[in-house]
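Reader: Hello! Could you walk me through this structure, one question at a time?

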Amino acid sequence: MTALKIRLNATKIEFTKFTLGVLLVVFMQVCFSIYIIEYFSTNTVLIAFLEKTGILVLVLLSIYFYKQHKKEQKKIEIKTRNSFFTGIIFSLLNMFAIPFFCTIVALLIAFNSFNFDIIFVLFFVLGSVLGTYSILLLYGKFALVIKQKTGKFTNHINLFLCVLTAAFALCTLLKFVL
């Protein structure tokens with residue numbers, strides 16, 4: 001949503017700076033995710049601890065998003081003085097990126113489609129960064145259309161995130177109970 005707001009309220013150059021900031025952080029997140037999975041794959045006790053801790057984090061996030069939804073909806077204006085750093089900061093605040101990339105790498109490993117050789121790592125990182133760039137490029141190109149089509153959804157984004165994080169917490173908890 002931030003990418004859309006920057007594209008709608010600023011110049012193409014500012015949107016490009018924002019995109020470059022996002023891509024820099026995504027590059028680091030993907031690299032970190034790959035090497036964290038490599039380490040965790042040999043330490044099952046740590047994985048179980050992180051999953052249990054993750055339940056608490058997801059519940060707290062769910063509560064936070066619910067409270068945000070209950071608050072009066074205020075129009076948030078994004079300053080575009082330095083869009084590059086805005087892209088970096090918002091990407092760093094994205095708490096789902098590293099777990100997402102870790103999950104993808106683990107899934108690829110499970111299907112024997114990934115190993116930790118440098119060439120596989122480079123292709124995965126490059127593909128992830130190019131995929132992120134493609135999505136942001138589409139956001140920029142179709143910003144007005146997206147704004148018109150998603151008006152109601154964006155008003156309830158915090159409620160959606162509340163339900164999503166609660167569902168993840170419940171699924172993880174059920175994994176330990178069942």
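Reader: How much area does the protein chain expose, and what percentage of it do carbon and sulfur atoms supply?

Author: Happy to help! This is a predicted model, in which local features need pLDDT of at least 70 and side-chain atom pairs pLDDT 80 or more, while totals for chains, interfaces and linings use all residues. Residues are numbered from 1 along each chain as its sequence is written, and side-chain values use heavy atoms, without hydrogens and water. By the Shrake-Rupley method with a 1.4 Å probe, the protein chain exposes about 12300 Å², and the share from carbon and sulfur atoms is 71%.

Reader: How many helices and strands are there?

Author: Elements here are DSSP runs, with helices (H or I) of at least four residues and strands (E) of at least two. The protein chain has zero strands, and its helices number nine.

Reader: Which element gives the most to the largest nonpolar core?

Author: Such a core joins buried (under 20% relative accessible area, 1.4 Å probe, protein chains only) Ala, Val, Leu, Ile, Met, Phe, Trp, Tyr and Cys residues through side-chain atoms within 4.5 Å. The largest one has 23 residues, and V30, I34 and F124 have the most contacts inside it. α1 (2-9), α2, α5 (97-110) and α6 each give two or more residues. Ten residues come from the top contributor, α2.

Reader: Which residues is F124 in contact with, leaving aside its neighbours within four places in sequence?

Author: Contact means heavy atoms within 4.5 Å. With those neighbours set aside, the partners of F124 are V30, I34, F101, I104, V105, L108 and F114.

Notes: Buried < 20%, exposed > 50% of the residue type's maximum accessible area, 1.4 Å probe, protein only.
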